[in-house]
Amino acid sequence: MSVQEYLKPWGMASLRPEELRFEVDLYQNESACQSPLDRQYHQEILKLEKTGGRKNYRIFTYTDHDRFTNLEEHCQKMTNSDYEVTSHLAERMANVRRRRQDCRPMEGSTLKSRIITWEPSEEFIKNNHVINTPVQTMYIMADLGAYGKLGRREYEHVLCTIKVDSNGVITVKPDFTGTKGAYRIEMDGEKRELWKYTIENASPQVKQEEEEREQRVFKDLYSRHKEYLSGLVGSEFEMTLPGTLRLFVNGEIVSAQGYEYDNLYVHFFLELPAYWSSPAFQQLSGVTQTCATKELGRDKVAYFSYPFTLEMFFTQEDESEGSLPQWPVLYFEVLSLDFWQRYRVEGYGSVILPSAPGFHTLTVPTWRPVELGTVSELRRFFIGGSPELEDMTYVRVPTTFKGERLSRFGFRTETTGSVTFRLHCLQQSKAFLESSAQRTRMQSVLDRLGGVSQQSSLYTVLEAFQKARRRMQEARESLPQDLISTSASTVHQP
């Protein structure tokens, strides 16, 4: 079906292809007609001459079979900047042309049994690299030349582009004018002529019977699609065991910034505390791709956008109020690898997975161990290598530590950059289905796990209080004794 036949129900059958002046001169000569379409144009021109010629010399159209190419379709720019550099992908995509395909899909066709092609050919990659939907195109053109100069190609301008794809979707570009102002075309030259035009939808109103029939077709289509999706998903919903919390995390390592060297990558792993477990197929560690940095202000930023997925379970065993479960911790290290394969540790850090479900953005500072003297830094700069942690859990409390106090006296570190994480956390437990009365009688898994954040906040406040108290004691010890006694007598004076 041609574009003209397809547009008849919308009242656009009047957009019949009419030849421009130079096309009239071309196809008027029968010897210049090569294809059946050219000979059809020749017959139409003869009929026009018998009826008195064309009445409209300004508006005409082009279709797929005409010798016309819209240069805007081959534009490789993605923005309107004059300084834009064309990317490699834009250059390759400019060579992909969508042509109308005369073949029709056979009814009752089934899906291909081979969903994945393990050894694709070059022709297969070329044909399946982009979504190639067959389309038919009509260009509504205008000859904006001065009187006496009609029929020249330099005065041709595209007023509107109408496309119809194989799915029956009609695309009109630019859109119908509606309440907006008229479109403007400003000509080049001395006079700087300005043309204004509007695009209106001249389709007749749909009858009520046709609208009801269309609604019934859509309703039947949606119901069939719903049944198809239900068949794929199934009716059973996977539930957790009683007293078990399921934590599902969709995470992303967004970026790393503030580091000295380029070409960064991140190695991470998840530590599961007591009462936590993960499925056998779950990978608890990973490594990002090596990413080059770019200048952002004073810092160098590496954008990884590396996704990862974590799934774990907490089983409620000890219901005593004195025991608070620990939350999983994500340890990571940032490393650099330069052109000469010199390897350096840029920083260590850790992230406690959020105890609240939802979306979280966390920026975690990092540090790295250093040695005394300049020899180690010179070695790090020229030949690579740097002090490393044998156990990455030493960032917090090592797993092998069994004492009451962990001393890090003499351990020298240096603050480096930071890493940004995006975490989407989902929690599933039957405690969500319990009634309010049951939740008041028993301590659920979520209530007990919620104490982790409170405990962490309490530790933070106590640590800040201890630091302030030590600073006050140091300040008092540094003051002279006579000044301390004078201030004390002044304070206690009645």
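The largest nonpolar core in this predicted model has 29 residues,. Leu247, Ile253, Phe304, Phe332, Leu353, Val419 and Phe421 are the ones with the most contacts inside that core. Several strands feed into the core: β7, β8, β12, β13 (329-337) and β16 each supply at least two of its residues. Strand β12 gives the most, with 6 residues. Nonpolar side chains in soluble globular proteins tend to be buried together.

Phe421 is a handy place to start looking around. Not counting residues up to four places away in sequence, Phe421 touches Glu252, Ile253, Val254, Leu330, Phe332, Val351, His360, Thr361, Leu362 and Val364. Two of those partners, Ile253 and Phe332, are also listed among the core residues with the most contacts.

**The chain as a whole**

Let's step back for a moment. The protein chain has 494 residues, and buried ones make up 30% of them. Its secondary structure comes to 10 helices and 16 strands. Take the contacts in the chain with a separation of 6 or more: 69% of them are between residues 24 or more positions apart. As for the outside, the accessible surface is about 35200 Å², and carbon and sulfur atoms account for 53% of that.

**Charged pairs**

Side chains of opposite charge can pair when their charged atoms come close. How many salt bridges does the structure hold? There are 7, and the table shows some of them, with the distance from N to O.

| Basic residue | Acidic residue | N to O distance |
|---|---|---|
| Arg246 | Glu311 | 2.5 Å |
| Arg344 | Asp338 | 3.5 Å |
| Arg368 | Glu414 | 2.7 Å |

Start with the pair of Arg246 and Glu311, whose closest N and O atoms are 2.5 Å apart. Arg246 sits in strand β7 (residues 244-257) and Glu311 in strand β12 (residues 299-315), so this salt bridge ties together parts that are 65 residues apart in sequence. Both Arg246 and Glu311 are buried. Strands β7 and β12 came up earlier too, as suppliers of the nonpolar core.

Next come Arg368 and Glu414, which meet in a salt bridge at 2.7 Å. This pair also links distant parts of the chain, with Arg368 in strand β15 (residues 358-369) and Glu414 in strand β16 (residues 413-428), 46 residues apart. Are the two partners buried or partly exposed? Arg368 counts as buried because its relative accessibility is 4%, while Glu414 is partly exposed, with a relative accessible area of 36%.

The last pair in the table belongs to a network: salt bridges link Asp338, Arg342 and Arg344. Asp338 has 16% relative accessibility and so counts as buried. Arg344 is buried as well, at 1% relative accessibility.

**A buried glutamate**

Glu346 lies in strand β14 (residues 343-352). With a relative accessible area of 2%, Glu346 is buried. Who are its neighbours? Leaving aside those within four places in sequence, Glu346 is in contact with Tyr259, Glu260, Tyr261, Leu264, Val334, Leu335, Ser336, Arg368, Arg380 and Thr416. Arg368 on that list is the residue that pairs with Glu414.

**A helix with a buried side**

Helix α3 (residues 36-50) has 15 residues and reaches 22 Å from its first C-alpha to its last, close to the 21 Å expected at 1.5 Å a residue. Its buried residues include Asp38, Tyr41, His42 and Ile45. Looking down the axis of α3, you find the buried residues within an arc of 105 degrees, so they line one face of the helix. And what does the face turned away from the buried side carry? There you find the exposed residues Pro36, Lys47 and Lys50.

**Backbone oddities**

Most residues other than glycine have a negative phi, and most peptide bonds are trans. Here are some exceptions. A cis peptide bond, with omega about 0 degrees, joins Lys173 and Pro174. Pro174 is in the loop between β4 (170-173) and β5 (183-186).

Asn263 has a positive phi, near 55 degrees. Asn263 is located in the loop between β7 and β8 (264-271), and at 26% relative accessibility it counts as partly exposed. Tyr275 is not a glycine either, yet its phi is positive at about 75 degrees. You can find Tyr275 in the loop between β8 and β9 (276-277). With 38% relative accessibility, Tyr275 counts as partly exposed.

Notes. Residues are numbered from 1 along each chain as its sequence is written. This is a predicted model: local features need pLDDT of at least 70, side-chain atom pairs count only at pLDDT 80 or more; totals for chains, interfaces and linings use all residues. Side-chain values use heavy atoms; hydrogens and water are left out. Helices (H or I, at least four residues) and strands (E, at least two) are DSSP runs, numbered from the N terminus. Buried means under 20% relative accessible area, exposed over 50%, partly exposed in between (1.4 Å probe, protein chains only). Contact means heavy atoms within 4.5 Å. Accessible areas come from the Shrake-Rupley method with a 1.4 Å probe; for residues, only the protein chains shown count as cover. A salt bridge is a side-chain nitrogen of Lys or Arg within 4 Å of a carboxyl oxygen of Asp or Glu. The expected span of a helix is 1.5 Å times one less than its number of residues. The arc is that of the directions from the helix axis to the C-beta atoms. A nonpolar core is a set of buried Ala, Val, Leu, Ile, Met, Phe, Trp, Tyr and Cys residues joined through side-chain atoms within 4.5 Å.
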